[in-house]
Amino acid sequence: MSDLDQLTQSLARNLKRWRTERNFTLDALAARAGVSRGMIIQIEQARTNPSVGITVKLADALGVSITTLLDYEQGPHVRLVPPEQAVRMWSTEAGSSTTLLVGTESRGPFELWSWQLMPGDGSDSDAHPPGTMELLHVRTGELTLVVDGEEHLVAAGSAASFEANVAHGYHNKGADPVEMTMAVSVPPAHAGAY
């Protein structure tokens, strides 16, 4: 079974498990996530591999991390994730990519990401639930961080944090690759929060 097949199967199994655990109907999850009922059915039946954006919307609506949607089998205290088990979530032909390194459900989802953006590449994200925080550290290159339409330059060695409850994006407008590490903390889901 290929990595993509394993990812699709894990997502199908875990989406249905968390939807059932939260007592959400297909229609209720569709409304909370802003994702069509048909798409959720296809995902739960492992008939499609959704975009990162759709996966994030579903995770946010369920109040869990992407890590949890992709692999629910986590150890109780320490979870070691070797490089070959990190999940590549997004990539481009130019060589840009994001890799989910590790995540946890302690006090809401908390995720650690490794990003690589090639010159001219970028990735945009919809607003996350209120209280969602993102922290990032640029290791190489210069990141153009766009938060609610405003650009912020983050040079190598610099860090930034922001509340991600507005549209935001990460872009490399420079000549050198950008490598960065990002942590995302999402508050726990509350009934009626959406």
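This note goes through a four-stranded sheet, a helix pair, several salt bridges and two loop residues of a predicted model.

1. Basis of the note. The model is predicted, so local features are given only at pLDDT of at least 70 and side-chain atom pairs only at pLDDT 80 or more, while totals for chains, interfaces and linings use all residues. Residues are numbered from 1 along each chain as its sequence is written, and side-chain values use heavy atoms, with hydrogens and water left out.

2. The sheet. Four strands form an open sheet in the order β4-β9-β6-β7, and their pairing is antiparallel; strands (E, at least two residues) and helices (H or I, at least four residues) are DSSP runs numbered from the N terminus, and two strands pair if DSSP finds at least two bridges between them. The edges are held by β4 (122–125) and β7 (150–155), each of which has a single partner strand, so one side of each is left without a neighbour in the sheet. From one strand to the next the twist averages 15°.

3. The pairing of β4. Strand β4 runs antiparallel to β9 (residues 168–171), and the two are joined over four bridges. Within this pairing, Gly122 stands opposite His171 in β9.

4. The helix pair. Helices α1 and α4 pack with their axes 10 Å apart and at an angle of about 25°, where axes are lines fitted to C-alpha atoms, for helices over the stretch in contact, and angles run from 0 to 180 degrees between N-to-C directions. The two helices are therefore roughly parallel to each other, a term that covers angles under 35 degrees. On the side of α1 the contact (heavy atoms within 4.5 Å) is made by Leu11, Leu15, Trp18 and Arg19, and on the side of α4 by Thr55, Leu58 and Leu62.

5. A buried salt bridge. Five salt bridges are found in a search of the whole structure, a salt bridge being a side-chain nitrogen of Lys or Arg within 4 Å of a carboxyl oxygen of Asp or Glu. One of them joins the side chains of Arg19 and Glu44, at 2.6 Å from N to O. Arg19 belongs to helix α1 (residues 3–21) and Glu44 to helix α3 (residues 37–44), so the pair ties together parts that are 25 residues apart in sequence. Both Arg19 and Glu44 are buried, where buried means under 20% relative accessible area, exposed over 50%, and partly exposed in between (1.4 Å probe, protein chains only).

6. Salt bridges with accessible partners. The side chains of Asp126 and Lys57 meet at 3.4 Å, N to O; Asp126 sits in the loop between β4 and β5 (133–140) and Lys57 in helix α4 (residues 52–62), 69 residues apart. Asp126 is partly exposed at 46% relative accessible area, and Lys57 is partly exposed at 30%. Another salt bridge brings together Lys173 and Glu151 at 2.5 Å, N to O, linking the loop between β9 and β10 (178–185) to strand β7 across 22 residues. Here Lys173 counts as exposed, at 56%, whereas Glu151 is partly exposed, at 46%.

7. Two residues with positive phi. Asn23, although not a glycine, has a positive phi of about 60°; Asn23 is placed in the loop between α1 and α2 (26–33) and is exposed at 69% relative accessibility. Asp148, also not a glycine, has a positive phi of about 55°, lies in the loop between β6 (142–147) and β7, and is exposed at 57%.

Methods:
Parallel < 35°, antiparallel > 145°, perpendicular 65-115°, else oblique.
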